[in-house]
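Student: Please take one part of this model and go through it closely, then place it in the rest of the chain. State the cut-off behind each term.

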Amino acid sequence: MFAQRCVSGFWERYITGPAVVDVGYRGGVWDALPIVPSAVGIDLDTPGYDGLHLPYDDYSMDAVHSSHVLEHVRDASESLQEWFRVLKVGGHLITFVPHAHLYERRMSLPSQWSNEHLRILSPARLLEVVEDALEPNSYRIRY
């Protein structure tokens, strides 16, 4: 999927400025790199990051990226609110989650892929989380 996004121009379309944070970029792989070279990787061992609060000012990031993070965090709505807090107006919040029907092939825990998953997200459930977390008319969803 990453290679497909590179070829399609996805990253150029949605990562449009130099201030990019990649939340949870390691995903358990210690030599992992952030999603794009200009991104700052944030993980649980990053100074000033407690697993929820990002060490950045409000409206300071051009893009926030997370992949396979929302299924691990205690409160997905709180995490989305925090990521949205640091986004500049017009910035992009890019999040990927394992699809409940395609990746997990189930709708309830336990996850077949990780016992650390706290939730399984279908597209409809992810939309509910976004709608609960963010103010109406403050965002647009693209997929």
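Tutor: The answer starts with the whole chain, turns to one helix, and then moves to the loops.

This is a predicted model, in which local features need pLDDT of at least 70, side-chain atom pairs count only at pLDDT 80 or more, and totals for chains, interfaces and linings use all residues. Residues are numbered from 1 along each chain as its sequence is written, and side-chain values use heavy atoms, with hydrogens and water left out.

The protein chain has 5 helices and 4 strands, counted as DSSP runs numbered from the N terminus (helices H or I, at least four residues; strands E, at least two). Their order along the sequence is α-α-β-β-β-α-β-α-α. The radius of gyration is 15 Å, close to the 15 Å that the globule rule gives for 143 residues, so the chain is as compact as a globular protein of that length. That radius is taken over C-alpha atoms, and the rule is 2.2 Å times the number of residues to the power 0.38. Along the principal axes, the C-alpha atoms fill a box of roughly 40 × 40 × 35 Å.

Of the 143 residues, 43% are buried; buried means under 20% relative accessible area, exposed over 50%, and partly exposed in between (1.4 Å probe, protein chains only). Contact means heavy atoms within 4.5 Å. Among contacts between residues at least 6 apart in sequence, 56% join residues at least 24 apart.

The part chosen is helix α5, residues 123-133, where L126, V129, V130 and A133 are buried. Seen down the axis of α5, these buried residues fall within an arc of 95°, so they line one face of the helix. The arc is that of the directions from the helix axis to the C-beta atoms. A124 and D132 are exposed on the other side of α5.

What covers the buried residues of α5 includes α3. S77 is found in that helix, α3, which spans residues 76-86. Not counting residues up to four places away in sequence, S77 touches V129, D132 and A133. S77 is itself buried, at a relative accessible area of 18%. The contacts of S77 thus include V129 and A133, both among the buried residues of α5, as well as D132, which is exposed.

Elsewhere, P34 lies in the loop between β1 (20-23) and β2 (39-42). It is partly exposed, with a relative accessible area of 21%. Leaving aside neighbours within four places in sequence, P34 is in contact with D22, Y25, A39, V40 and G41. V40 lies in strand β2 and is partly exposed at 40%. With residues up to four places away left out, V40 touches V20, V21, D22, P34 and Y56. D22 is therefore a contact of P34 and also of V40. The C-alpha atoms of V40 and V23, 17 residues apart along the chain, are separated by 8.5 Å.

Two further loop residues have positive phi. Y59, in the loop between β2 and β3 (61-67), has phi near 55° and is not a glycine; at 56% relative accessibility it counts as exposed. H68, in the loop between β3 and α3, also has a positive phi of about 55° without being a glycine, and is partly exposed at 31%.
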